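Here are a few exercises to work through with the model open beside you. Try each task before reading its solution.

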Amino acid sequence: MVVDPWWPVVLLAAIQVVDGVLCLGPVSFVAACLDDVRFPRRFWWVLSPIKFAAAAGLLLGLWVPHLALVTACCLVAYFVAAIGGHLRARDLGRNLAVNALGMLVLCVAVAGTLAA
């Protein structure tokens, strides 16, 4: 295994898998969040494949040099865009603070660990 410590990468990958499963359909609180930020319904289907691809990139990155770092940086960009969507929609409550901002902090932390 190339990445050490490996567990932050695996944790972030697991979160992405769970998030991807929650976006299938999506479950009611995810649908409400997407509606709140006015994310077009015609694009909801892309969220799960993006999250599953991120999980795969992180896990493969345990053995493929730099793939986990690139994937974590892409997740940082994803959550920066998500925060922008929340701010644009003036959705400044729990969805922004806990979900998007919390995930951004986690992704930055993992990317920082991988870059070190």
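Helices here are DSSP runs of H or I with at least four residues, numbered from the N terminus. Keep in mind that the model is a predicted one.

**Exercise 1. Place Gly-57 and describe its surroundings**

Solution. Start with the secondary structure: Gly-57 belongs to helix α3, a helix that covers residues 47-60. Next, take the accessibility. Buried means under 20% relative accessible area, and Gly-57 counts as buried because its value is 9%. Then list the contacts, setting aside neighbours within four places in sequence: Gly-57 touches Leu-67, Ala-68 and Thr-71. Finally, compare sequence and space for one pair: 55 residues separate Gly-57 from Gly-112 in sequence, and their C-alpha atoms are 16 Å apart.

**Exercise 2. Is Lys-51 buried or exposed, and which side chain does it meet in a polar contact?**

Solution. Lys-51 sits in helix α3 too. With a relative accessibility of 4%, Lys-51 counts as buried. Now look for the polar partner: the side chains of Lys-51 and Tyr-78 are joined by a polar contact of 3.0 Å. To complete the neighbourhood, again leave out residues within four places in sequence; Lys-51 is then in contact with Gln-16, Asp-19, Gly-20, Cys-23 and Tyr-78.

**Exercise 3. Describe how α1 and α5 pack**

Solution. Two packed helices are described by the angle between their axes and the distance between the axes. For α1 (residues 7-23) and α5 (residues 94-115), the angle is about 145° and the axes are 10 Å apart. The crossing of α1 past α5 is left-handed. From α1, the contact is made by Pro-8, Val-9, Leu-12, Ile-15 and Gln-16, and from α5 by Met-103, Leu-106, Cys-107, Val-110 and Leu-114. Sorting these residues by type gives nine nonpolar, one polar and no charged.

**Exercise 4. Why are the buried residues of α2 on the same side of the helix?**

Solution. First pick out the buried residues of α2 (residues 28-36): Val-30, Ala-31, Cys-33 and Leu-34. They lie on the same side of α2 because they cover an arc of only 160° around the axis. The general background is that an α-helix has 3.6 residues a turn, so residues three or four places apart point the same way. Now find what the buried residues of α2 pack against: α1, α3, α4 (67-88) and α5. As a last step, move past the end of α2 to Arg-38, where phi is positive, near 60°.

Notes
Residues numbered from 1 in each chain as written. Predicted model: local features only at pLDDT ≥ 70, side-chain atom pairs only at ≥ 80, totals over all residues. Heavy atoms only, no water. Axes fitted to C-alpha atoms, helices over the stretch in contact; angles between N-to-C directions. Helix = DSSP H or I, 4+ residues; strand = E, 2+ residues; numbered from the N terminus. Left-handed = near helix turned anticlockwise from the far one by under 90°. Contact = heavy atoms within 4.5 Å. Nonpolar A, V, L, I, M, F, W, Y, C, P; charged D, E, K, R; others polar. Buried < 20%, exposed > 50% of the residue type's maximum accessible area, 1.4 Å probe, protein only. Polar contact = N/O pair within 3.5 Å; in protein donor to acceptor, adjacent residues only side chain to side chain. Arc of directions from axis to C-beta.
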